[in-house]
Amino acid sequence: MPNIIWEGNKREFSTDHECPVISEKAVKLREADGFIGKALPYGIAPMMICMLAVFLKAFLNNQPPIEPIFMIPAMLLGFIVALPLHELMHAVCYPKQATVWVGLCLRKLAAYAISYHPLTKKRFIVMSLAPSLLGIGFLVIFIITPISMKPVLTISIISAFMGLISPAPDYMDIISVLRNAPDGALIQDTKDGLYYYET
C-alpha cells in the first residue's frame, strides 16, 4: 500500500509538492493543463453503454426503470463515486514506495490523486482503469435489479453513468500510452505533464 496523504479541500486543482527530475530521454505524452476538455470524447462510449442498458431495461419491462424523485440522492452518491472514491481507486494501485496526494477542489467540482512515482506500462494501465470498476459494479447492479426496485435502479444507473464517464481522461491516457510507449517504458506524471521513458 502506498503512502496516501489526504489533503482535504483545496482552492486550486494543483499540488505544491516537489516533483523529481525526470530522465532527459523522456517523451511527453500529454500536457498537464487542458487535457480534461480533450478527453470528453472518450466518455461517449461508456455513456452509450449506460444508455443502452436503460433502454433495454425499459423495453423488456414496458416501463421506465428510473424514478425522478430518487434523482437527488442518486446524484449525491454519483458525485461520491465520481470524485473522492475515483481518486482513492487510483491511489491504492501505486507501489508501497510511492507517495500519493489525494484531495478535492469543490469549487471546481473536481478531485485529484497525484503521484510523481514512475509506473511500469502495465501498472499504469491498471491504475488508470481501477476507478471504472466502480461504474461497472453499479451497472451490474442496475442490470440484475428487478424493475420494481426503482430507488435502487435510479441510484445505481446514475452512479454507473458517473463512474464510467468520469475516467474519460484516464481512457485517453491509456490509449496514448498503448500507442506511443514501448513495452519496457516507465510512465511518470509530472507538474509539466505525462511522460514515458525507457530505462
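# A walk through the fold

Lys121 is buried, with a relative accessible area of just 10%. The cut-off for buried is under 20%, so Lys121 falls on the buried side. All of this comes from a predicted model.

Which residue does Lys121 pair with in a salt bridge? The partner is Asp183, and the closest N and O atoms are 3.3 Å apart. Lys121 sits in helix α4, which covers residues 121–129, while Asp183 lies in the loop between α7 (168–180) and β6. The two residues are 62 positions apart in sequence, so their salt bridge ties together distant parts of the chain. Their surroundings contrast. Asp183 is exposed, at 69% relative accessible area, and the cut-off for exposed is over 50%. Lys121, as noted, is buried.

Other salt bridges share partners: Lys28, Glu31 and Asp192 are joined in this way into one network. Within that network, the side chains of Lys28 and Glu31 meet at 3.1 Å, N to O. Lys28 is partly exposed, with 30% relative accessibility. Glu31 is also partly exposed, at 43%. Another salt bridge links Lys10 to Glu7, at 3.9 Å from N to O. Glu7 counts as partly exposed, with a relative accessible area of 22%. In total, the model has five salt bridges.

Now step back to the whole chain. The protein has seven helices and seven strands. What is their order from the N terminus? The run is β-β-α-α-α-β-β-β-α-α-α-α-β-β. The radius of gyration is 18 Å, and the globule rule gives 16 Å for 199 residues; these values are close, so the protein is as compact as a globular protein of that length. Along its principal axes, the C-alpha trace spans about 60 × 35 × 30 Å. Of the 199 residues, 45% count as buried. Many contacts reach far along the sequence. Among contacts with a separation of 6 or more, 76% are between residues 24 or more positions apart.

Next, look inside. In soluble globular proteins, nonpolar side chains tend to be buried together. Here the largest nonpolar core has 19 residues. Which of them touch the most other members? They are Cys50, Leu139, Phe142, Ile157 and Ala160. Helices α2 (44–61), α3 (71–91), α5 (132–144) and α6 each supply at least two residues of this core. The largest share, seven residues, comes from α6. Leu139 shows how the pieces meet. Leaving aside neighbours within four places in sequence, Leu139 is in contact with Ile49, Ala53, Ile157, Ala160 and Leu164. There is also a second, separate core of 17 residues, which includes Ala91, Tyr94, Ala98 and Val177.

Val177 leads to another buried spot, because Val177 is among the contacts of Ile187 in the model. Ile187 is in strand β6, residues 185–190. Is Ile187 buried or exposed? Ile187 is buried, with a relative accessible area of 1%. Beyond neighbours within four places in sequence, its contacts include Leu29, His117, Phe124, Ala181 and Leu194. Lys121, from the opening salt bridge, is also in contact with Ile187. Met172 is 15 residues away from Ile187 in sequence, and their C-alpha atoms are 14 Å apart.

Return to helix α6, residues 150–165, for a charged residue: Lys150. Lys150 is buried, yet has no salt bridge. How far away is the nearest side chain of opposite charge? That side chain is Glu67, at 4.2 Å. A salt bridge needs the atoms within 4 Å, so this pair does not count. Lys150 does make a polar contact with the side chain of Gln63, at 3.2 Å. Leaving out residues up to four places away in sequence, Lys150 touches Gln63, Pro64, Pro65, Ile66, Glu67 and Phe70.

One last stop is Asn62, in the loop between α2 and α3. Most residues other than glycine have a negative phi. Asn62 departs from that pattern: its phi is near 55°, a positive value. Asn62 is exposed, with a relative accessible area of 71%.

Definitions and conventions: Residues numbered from 1 in each chain as written. Predicted model: local features only at pLDDT ≥ 70, side-chain atom pairs only at ≥ 80, totals over all residues. Heavy atoms only, no water. Helix = DSSP H or I, 4+ residues; strand = E, 2+ residues; numbered from the N terminus. Buried < 20%, exposed > 50% of the residue type's maximum accessible area, 1.4 Å probe, protein only. Lys, Arg positive; Asp, Glu negative; His and termini not counted. Polar contact = N/O pair within 3.5 Å; in protein donor to acceptor, adjacent residues only side chain to side chain. Contact = heavy atoms within 4.5 Å. Core = buried A, V, L, I, M, F, W, Y, C linked by side-chain atoms within 4.5 Å. Rg over C-alpha atoms; globule rule 2.2 N^0.38 Å.
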